[in-house]
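Here's a quick walk through one protein model, from its cores out to a few single residues. Keep the viewer open while you read.

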Amino acid sequence: MDAGGTATRALVATVSGERVGHARADGANPNTHGTRKAGRELARAVGTALDRAGPAAREHLAAGVVGLAGVSALRDDAVRQGLVEELLAAGVPADRLRFAGDDEVAFASGTHEPDGTVLIAGTGAIATRVEGRRRSRSADGMGWLIGDEGSAFWIGHQAARETARQLSRGTDLSPLARMVAKRVIPGRRPVQGSEHLPEEHARAFARTLTAQPPIGLAALAPLVSEAFAQGDEAAEVIVNAAAGHLAHAVHQVRSPGERRPVVLAGGVLLGSEPVRESLTRKLALGTAGSPLSTAGCTAGAAAWLAVLETGAAADDADLHAAFTAPVGDGRSDAA
């Protein structure tokens with residue numbers, strides 16, 4: 001399973017990598033959504049995937065790995081127990097599942113090597129040093145309130161702030177501000193007249209956003225890429241700043257001169273060409289010579305890690321490829 005802040009994907013496969021059941025549910029990060037909702041979404045995804053795999057799938061489940069965004073929350077016994085109870089209530093054999101970080105799973109989706117670095121920029125953002133396929137050090141991943149710089153939330157937040165500034169000025173909107181305003185307050189126009197100041201329109205925009213869950217700002221991130229393609233100067237600033245924050249996080253967890261692989265994952269890096277290209281240029285300053293790859297099927301990678309626990313050869317590149325080849329609903333788009 002790959003359980004992020006936006007979506008949860010579950011894949012059931014044979015030990016040879018044949019996909020026999022898959023399903024998707026909403027985000028299951030317990031830090032973002034709370035223990036009960038996270039547990040329900042985990043149970044819904046894996047339970048549906050097992051049902052689709054066949055009537056004997058639960059009985060013959062050999063091992064499972066759950067790549068969980070917010071896995072640090074499981075240090076709280078009450079959170080761990082809450083997730084397990086939801087899984088058991090759905091008939092999922094939770095005793096055969098191991099929780100891991102979604103960053104560990106994302107790294108495994110891009111390489112079969114045991115050591116290296118993974119950068120995830122989806123709803124949140126984190127850079128992780130991986131040793132022996134386990135997290136050894138990380139940078140950022142602090143959540144939308146105080147961190148996740150360069151994430152979809154961070155990009156969307158910057159776009160919203162820029163839009164509010166332009167609305168306050170009462171001048172023509174740039175492509176970025178126009179798209180964001182249309183998304184947030186569709187059909188609304190500034191009221192003309194001396195008693196109606198431009199900033200009132202901006203405040204209406206802000207009130208609409210404030211009434212919604214803060215994490216929803218992540219949905220504005222794709223608009224920045226669209227505006228970038230139109231030459232919007234503010235979008236260019238946001239894109240380059242996001243890439244700078246992400247590159248800095250990577251450099252924080254790497255040793256000078258190391259040549260271990262770097263895996264890029266998450267919806268921002270896989271879906272935004274401007275951010276990815278800017279990031280690649282910035283990474284070249286400190287990671288020259290390191291293999292750079294993008295994440296494959298992250299749910300498949302979790303299944304591959306589970307297969308390793310049954311004794312499969314970790315250096316079998318063909319087996320790894322069978323599990324992690326991008327297909328259908330398995331690609332990660334969240335942290």
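What follows covers the cores, a helix pair, an aromatic pair and some residues in loops and helices.

This is a predicted model, so a few house rules: local features need pLDDT of at least 70 and side-chain atom pairs count only at pLDDT 80 or more, while totals for chains, interfaces and linings use all residues. Residues are numbered from 1 along each chain as its sequence is written, and side-chain values use heavy atoms, with hydrogens and water left out.

**The cores**

Start inside. A nonpolar core here is a set of buried Ala, Val, Leu, Ile, Met, Phe, Trp, Tyr and Cys residues joined through side-chain atoms within 4.5 Å. Buried means under 20% relative accessible area, exposed means over 50%, and partly exposed is in between (1.4 Å probe, protein chains only). The largest nonpolar core has 46 residues, and the members touching the most others are Ile 155, Leu 176 and Leu 279. Its top contributor is helix α10 (residues 233-253), which supplies 11 residues. Helices are DSSP runs (H or I, at least four residues) and strands likewise (E, at least two), numbered from the N terminus. There's also a second, separate core of 29 residues, with Ala 49, Leu 61, Leu 68 and Phe 99 among them.

What does Leu 176 touch, leaving aside its neighbours within four places in sequence? Its contacts (heavy atoms within 4.5 Å) include Ala 159, Leu 223, Val 224, Asp 232 and Ile 238.

**A helix pair**

Leu 176 also turns up where α7 meets α9. The axes of α7 (residues 175-184) and α9 (residues 221-229) come within 9 Å and cross at roughly 150 degrees; axes are lines fitted to C-alpha atoms, for helices over the stretch in contact, and angles run from 0 to 180 degrees between N-to-C directions. From α7, the contact uses Pro 175, Leu 176, Met 179, Val 180 and Arg 183, and from α9 it uses Leu 223, Val 224, Glu 226 and Ala 227.

**The aromatic pair**

How many aromatic pairs does the structure hold? Just one. Rings of Phe, Tyr and Trp (its six-membered ring) pair if their centres lie within 6.5 Å; planes under 30 degrees apart count as stacked, over 60 as edge-to-face and the rest as tilted. Trp 144 and Phe 153 have ring centres 5.5 Å apart and planes at 55 degrees, so this pair is tilted. Trp 144 is partly exposed at 33% relative accessibility, whereas Phe 153 is buried at 6%.

**Single residues worth a click**

| Residue | Place | Relative accessibility |
|---|---|---|
| Ala 314 | loop between α13 (298-308) and α14 (317-324) | 28%, partly exposed |
| Glu 41 | helix α2 (residues 35-53) | 8%, buried |
| Arg 133 | loop between β7 (125-131) and β8 (134-140) | 18%, buried |
| Asp 148 | loop between β8 and α6 (152-169) | 8%, buried |

Two of these have a backbone quirk. Arg 133 has a positive phi of about 65 degrees although it is not a glycine, and Asp 148, not a glycine either, has a positive phi of about 60 degrees.

Sequence neighbours within four places aside, Ala 314 is in contact with His 112, Arg 133, Trp 304 and Leu 308. On the same terms, Glu 41 is in contact with Thr 8, Ala 25, Asp 26, Gly 27 and Ala 28.
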